[in-house]
Structures are given as structure tokens and as C-alpha cells.
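Grab the structure viewer and work through the exercises below. Each one has a task, then a solution in steps.

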Amino acid sequence: MPGPGATPGNLSRQSLRLLAAIRRHHPATADHSVRVATVLLAMWSHRPDGLGDMAEVVAAGLLHDLGKVFLPTSLLDAARGLSARETDMMRAHPLAGAEALAALRYPEAVQVAARDHHERWQGGGYPGGRAGTALSPLARAICVADSFVAMIEPGRAYRRHLSVAEALREVQACSGTQFDPDFAALLVEGLGETFQAELGLDHGLSRRSTMAGLLPSHLLERALRLPPCPW
């Protein structure tokens, strides 16, 4: 398969083709990927100088879990604790995804974000145990976005999902340990009210009070002509 080339349009088209492949393998992972890309794009829109090129940010969000196409769906859908072997298989998906993106000649920033999205600010994550500023800004941002989405989205059989308010408090609590404090603050302080308003958590907030009237679910629709985020 040819690489996406250098233009944002080529990158977006290739990313959508790969997203379709993820959806064919495991629809829940594809929905999760769209949610993560939505959150990342909202972060980028709030602070465009901190994360690099928009097309690369979107591609990183959509494809951070590309490595899961190499895992059996029985493992992805397991509603139980995983065995040691299964845990090792699951923890291999960031590196598998990064290697696939490298073979497809994706920008290095997108490859690195896929590889490092389960690393931790203070270390101890996987696959490499990288920490702090050894992680790229995009990888540090996607770590926050991925975790936030995983906490609020339904369909996680092994635990209940959190409200947006609860998830934002958890992000704040893990700032400086699991998450880069700067990107955690961007999500909690810069975008928290927007997400709460969009998801109907606080009906006293205006749904169009932030981000110049452009809500997170509209961002990917505008950038890639995707339907609104499947919250």
C-alpha cells in the first residue's frame, strides 16, 4: 500500500482508509479512535502551537490504536482479567501500530504517538518506559486524551464508565504522575466546561459558549467530513 505522501489531503485520505480497516476488524476500537481524535483536535484548536501540524494530530488520534488490528477480537472484547500472555499481547499493540505506520511512510510524529501513547509522564508505562520530555508533545497529549476517552465512553465490560466530571477529576489527580501537567491542565481547565456542556452533564452551560461556537464533535466533521463524534 502506498504511503500517504506529504500533503495534508493525502494524509487524511489514507488515515480514513485505515480507520475503515480498524472498523471492519473491531468497530468499538474505531469509535474510540474517533473520540480520541476529537479530543486531540479540540486540544489543538485551543493551543495550535503546541502539537504541530493539524493533519498529523488528527492522524495520530485516529490511528493510535492501529496495532489492535493484529489482535484477536476475543481478546479486545474480553470481559475478564487477562492472563500474563494476553497482557503481553495487548501491550504489544503500540509498537505493532508504530511499525505499521512506519511501513506506510507516515510522518514520524504520528508513528511516535502510536508507539508512546501508553507511556507515563513519570515513567513505568509501555512499551519502552520513556518518561517526561523524552516523550514527544503529541504523545504526551494523546496519553491524556486516550485516557479521558476511555474513562467516559460506554461499552467497557470490565468497569463502569465515569461521568465527564469524574473523568476530569481523575485526569487532574493523575497530573504530574501519569500525565504531563501542562496537557492535563489544558484538558481540564481549558476544555472541561466545553465537554461537560456538549455531553449534557451541566445544562446550565451554553452549548455554544466556548471555542467560538465550534464544539468538539464538530471539529472532525469540519476537518475530515466525518459525522459527529460518536460519544
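**Exercise 1: the surroundings of R140**

Task: work out which residues R140 is in contact with, leaving aside its neighbours within four places in sequence.

Solution. Set those neighbours aside, and R140 turns out to be in contact with W121, G132, T133, L135, D180 and F183. Keep in mind that you're looking at a predicted model. To find your bearings, look in helix 8, residues 137–152, where R140 sits. Next, pick out D180 from the contact list: its side chain and that of R140 are joined by a polar contact of 2.6 Å. Then try F179: it is 39 residues from R140 in sequence, yet the C-alpha to C-alpha distance is 7.1 Å.

**Exercise 2: buried or exposed?**

Task: decide whether R140 is buried or exposed.

Solution. Start with the relative accessible area of R140, which is 14%. Now bring in the cut-off: buried means under 20%. R140 therefore counts as buried, as its 14% falls under that 20% limit.

**Exercise 3: C143 and C174**

Task: find out how many disulfides the whole structure has.

Solution. A search of the whole structure comes back with zero disulfides. Check C143: the nearest cysteine sulfur belongs to C174 and is 9.5 Å away. Coming from the other side, C174 has the sulfur of C143 as its nearest, again at 9.5 Å. A disulfide needs the two sulfur atoms within 2.5 Å, so this pair doesn't make it. As for accessibility, C143 is buried at a relative accessible area of 5%, and C174 is buried too, at 14%.

Conventions. Residues are numbered from 1 along each chain as its sequence is written. This is a predicted model: local features need pLDDT of at least 70, side-chain atom pairs count only at pLDDT 80 or more; totals for chains, interfaces and linings use all residues. Side-chain values use heavy atoms; hydrogens and water are left out. Helices (H or I, at least four residues) and strands (E, at least two) are DSSP runs, numbered from the N terminus. Buried means under 20% relative accessible area, exposed over 50%, partly exposed in between (1.4 Å probe, protein chains only). Contact means heavy atoms within 4.5 Å. A polar contact is a pair of N or O atoms within 3.5 Å; within protein, one must be able to donate a hydrogen and the other to accept it, and residues adjacent in sequence count only if both atoms are side-chain atoms.
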